[in-house]
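Here are a few short exercises to work through with the structure open. Try each task yourself before you read the solution.

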Amino acid sequence: MNSQFRVNLIKQGGIWAFIVVELIFFSVAGELLAVTDKAFMDFDNMLLLLKQSAPIGIIALGMTIIMINGNIDLSVGAIFALSAIVLLDSMTWPFMAALGDWAIPLAWGFALLTGVVLGAVNGFIVWKTGVDAFIVTLGSMLGFRGLVFMYNGEQPTSHLNWTLVDFAEAQFLGLHTATWFLLVAGLLLWLLMTRTVHGRNAYAIGNNREAAVNAGIRVGPHFLWNFMLIGFLAALSAVVFYSESGSVNPNDGMLYELWAITAVVLGGTKLTGGYGSIVSTLGGVIAIQLLRKGLGHIGADTQTVNLVIGLILITVLFLDRQLNRKGKEELKT
Amino acid sequence: MTDQIPALRLEGIVKTFPGVRALDNVSFEVMPGEVHALMGENGAGKSTLMKVLGGIHDPDEGQIYIAEKPVVMTSPMQAKANGVVFIHQELSLADELSVAENIFLGELPRRSFGRVDWQTLYDATDAILKTLNVGFNARTRLGDLSIANQQMVEIARALTVDPRAVIFDEPTASLTDAEKVVLFKVIADLQSRGVGVIYISHRMEEIFKITDRISVLRDGQYRGTLNTAETNEEEVTHLMIGRKLDLSRNESHHEMGDVALEVRNLSCGELFEDVSFSVRRGEVLGFYGLVGAGRTEIAETIFGLRDPSSGQIFLNGEEVRIHSPQDAIRRGISLVPEDRKAQGLVLGMNCRDNMTLPQVDDMTAGPFVSDGAEVAIFDQYRDKLDIRTPGWRQLVGNLSGGNQQKIVIGKWLSMHPEVLIVDEPTRGIDVGSKSEIHNLIRELAAQGYAVIVISSEMPEVLHVSDRIVAMFSGKVMREFTSEEVTEDSLIQAISGISGDKVA
């Protein structure tokens, strides 16, 4: 019992320890190598970091639930892009333009609805066909991206609404709008996963689907809800990001699914399902953003950043495996 | 036997894990040509001892001797090279490969440039298969074989090294009676070749049939060795658990209530046909038959996991249609499935959450699950069923088989079901917990539950049932009351010989 508790603590606390190591490393290395003379641990810099974590972070929260279920969703990047287009384009529709700033909540609604509908498509196919979520969402990733290009060809879709931009750039209690969205979404999903029946069932299904069925849990509808949820979150991420930027390219959001999965996995959630935590995913998201920013701070280019993140991901999973094995051995007496 | 040297000898083996002394100075030997049973409750240290022998665990102290030569086992490979091979309970074979490739996996004969020497491979395999007298050949795809035949492949693999000692770990767990006979012949054959056989099993019947000596472990300690011919089940059980196991016939008589569940002419494709039976409140109805007789499938149909092709199900006299486990659970039908770990429990979840899983929907306060209500249910049924766990936070995967089974039973009892179906109530459960589960089943009936017990163990069926339904090949052959049933008539019924013809 005690040793199991210890192993759990190491596993759950690991990502935060890693973040501390990163902070120390970049602060020290920053002194020696930095291209600017601004300190890395600068308060504004950290606030900005949180804000920049939001788009991938909000998606990663949803991905955590999908992965605890034992599924995966590769189509979130495409859902992100399509929702963004709906958001910006809908504001140019004549009846919307006539509404003035009231068009904003309506446009948000359209974008979020797009995400939910696309997610429902995924969930429904997974439920009714029984095809693996990896395959289903691989297909829908291509399909949804196709829709993105059909919408406006290779052209970017743009619309700038200054009220919206002001809202997106606002700071409340020091934190940016995007950060608030990330934190509130994180809090709600944490409650969902730790305190509600839905969360309980998600872990049960991911851990042992057959036992969950035998306990009377309706697995198919459960999956559908979760795919709708991650669709909603991908759209929410788009709403947060494009309210500020005002222009979406048809290639936007590509590889977001992989970044989200990376963050989730760094946070310790298992690909096989049944185990994971929303809070640790937030840690994973922040750890990645820290790496990106930190490496940039000491003068590394994007390619190097990707290489390092890749190496770290593999190292972390290796360590996790060692830890798990140790835990199992100790239990098998 | 005494003038020979042991094929394999373990001396003073000590293995500790953090907090547990899993093996405490265990010594054990097997002579050439001997079948030596290793017995003990789950958690007594059998598996750990075998892992030490197989080079998976390093012992802290002690020495392994092969033909009195000290050896060090550091890997399964090395164990095999030393002539010690394992036939595991769970087979580790590749379905898509041929029998020959499976047998020589990792050691395929080669020609130049790394090409496989198929001819040599198939010839060598067929030579081994011939000694086992099996009905398939080297080129058969493994996945096309029955479990029993796959086990033969595993045994054939052991024979490629000319073993000194072969360890069988619960080899009959998934075999039919006919297949067991074949297995026992193979074991006898190994014996005549001078191989030492270690036989691990919970099944007394088999142990007394095929072994020469029985060694018993309890709590990681060696408790003694008995000559099979000079002992009996009681003595062995006593060594294992320190008390006796009661497997007498069920003779309790108490009031029975109305019919709770009635099944009329139920069929499901080719799985079972025209099955009718009923069970009253306060009654235990036993289902006995061979593996594959359709008993589990009937339970699954009543529980809504399969759709029947025809027939009717009545609950409290009213016809019901059940299309899913949700339907069944709502109507008060619950199923304790055959394979506890794969079908009954979420191993990575704690005890409490497992117990409340089907009813957690009804235990909410606002949007959230009420911790207090859950703990209350858990505490109540932990005490009622005497579940031994350090606390509700303990992961179910860490409990012993008996306690796991009690969690599954408690899960349904806490919902006050109309009918409780228990499929193989004591599979893989040690002797001590077995009688607890048996008593529990009897007690539930006495409290007025209608209980259906499906079992492949005759003593168990006889011990717990008020009535017994004997099945063969998807059909009900005969129904017995506990007064009229005899072991012979039961065996005849489940072998397809109708009771009437015998009488």
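Let's start with a term you'll need: a residue is buried when its relative accessible area is under 20%, exposed when that area is over 50%, and partly exposed in between. Keep in mind too that this is a predicted model.

**Exercise 1. A salt bridge inside a helix**

Task: Find the distance between the closest N and O atoms of B:Asp379 and B:Arg382, then class both residues by accessibility.

Solution:
- Step 1. The closest N and O atoms of B:Asp379 and B:Arg382 are 3.5 Å apart, and the two form a salt bridge.
- Step 2. Helix H13 of chain B (residues 371–385) holds both partners, three residues apart, about one turn of the helix.
- Step 3. B:Asp379 has a relative accessible area of 27%, so it is partly exposed.
- Step 4. B:Arg382 comes out at 24%, so it counts as partly exposed.

**Exercise 2. A salt bridge between distant parts**

Task: Work out which parts of chain B are linked by the pair B:Arg467 and B:Glu283.

Solution:
- Step 1. B:Arg467 and B:Glu283 form a salt bridge, with their closest N and O atoms 2.7 Å apart.
- Step 2. B:Arg467 sits in strand S21 (residues 467–472), while B:Glu283 is in the loop between strand S12 (272–280) and strand S13 (284–289). The two are 184 residues apart, so the pair links distant parts of the chain.
- Step 3. B:Arg467 and B:Glu283 are both buried.

Want the wider picture? Over all chains, the whole structure has 32 salt bridges. One network of them links A:Arg200, B:Arg352, B:Asp353, B:Asp371 and B:Glu374.

**Exercise 3. Two positive phi values**

Task: Look at A:Leu173 and B:Glu424. Is each one buried or exposed?

Solution:
- Step 1. Most residues other than glycine have a negative phi.
- Step 2. A:Leu173 has a positive phi, near 55°. You'll find A:Leu173 in the loop between strand S2 (171–172) and strand S3 (175–176) of chain A.
- Step 3. The relative accessible area of A:Leu173 is 67%, so this residue is exposed.
- Step 4. B:Glu424 also has a positive phi, near 50°. Its place is the loop between strand S19 (419–423) and helix H15 (431–446) of chain B.
- Step 5. With a relative accessible area of 4%, B:Glu424 is buried.

**Exercise 4. Charge on the surface**

Task: Which residues gather with B:Asp488 in a patch of negative charge?

Solution:
- Step 1. The patch on the surface brings together B:Glu205, B:Glu233, B:Glu487 and B:Asp488.
- Step 2. B:Asp488 belongs to helix H17 (residues 487–494) of chain B.
- Step 3. B:Asp488 has a relative accessible area of 56%, so it is exposed.

**Exercise 5. The two chains overall**

Task: Compare the radius of gyration of chain A and of chain B with the globule rule.

Solution:
- Step 1. Chain A has 14 helices and four strands. Its radius of gyration is 21 Å, close to the 20 Å that the rule gives for 333 residues, so chain A is as compact as a globular protein of that length.
- Step 2. Chain B has 18 helices and 22 strands. For its 503 residues a compact globule would have a radius near 23 Å, and the 25 Å of chain B agrees.
- Step 3. Buried residues make up 52% of chain A, and 54% of chain B counts as buried.

Technical notes: Residues numbered from 1 in each chain as written. Chains lettered and ligands numbered in written order. Predicted model: local features only at pLDDT ≥ 70, side-chain atom pairs only at ≥ 80, totals over all residues. Heavy atoms only, no water. Patch = residues over 30% accessible without salt bridge, like charges linked within 9 Å, V, L, I, M, F, W, Y side chains within 5 Å. Areas by Shrake-Rupley, 256 points an atom, 1.4 Å probe, with all protein chains shown as cover. Salt bridge = Lys/Arg side-chain N within 4 Å of Asp/Glu carboxyl O. Lys, Arg positive; Asp, Glu negative; His and termini not counted. Charge placed at Lys NZ, Arg CZ, Asp CG, Glu CD. Buried < 20%, exposed > 50% of the residue type's maximum accessible area, 1.4 Å probe, protein only. Rg over C-alpha atoms; globule rule 2.2 N^0.38 Å.
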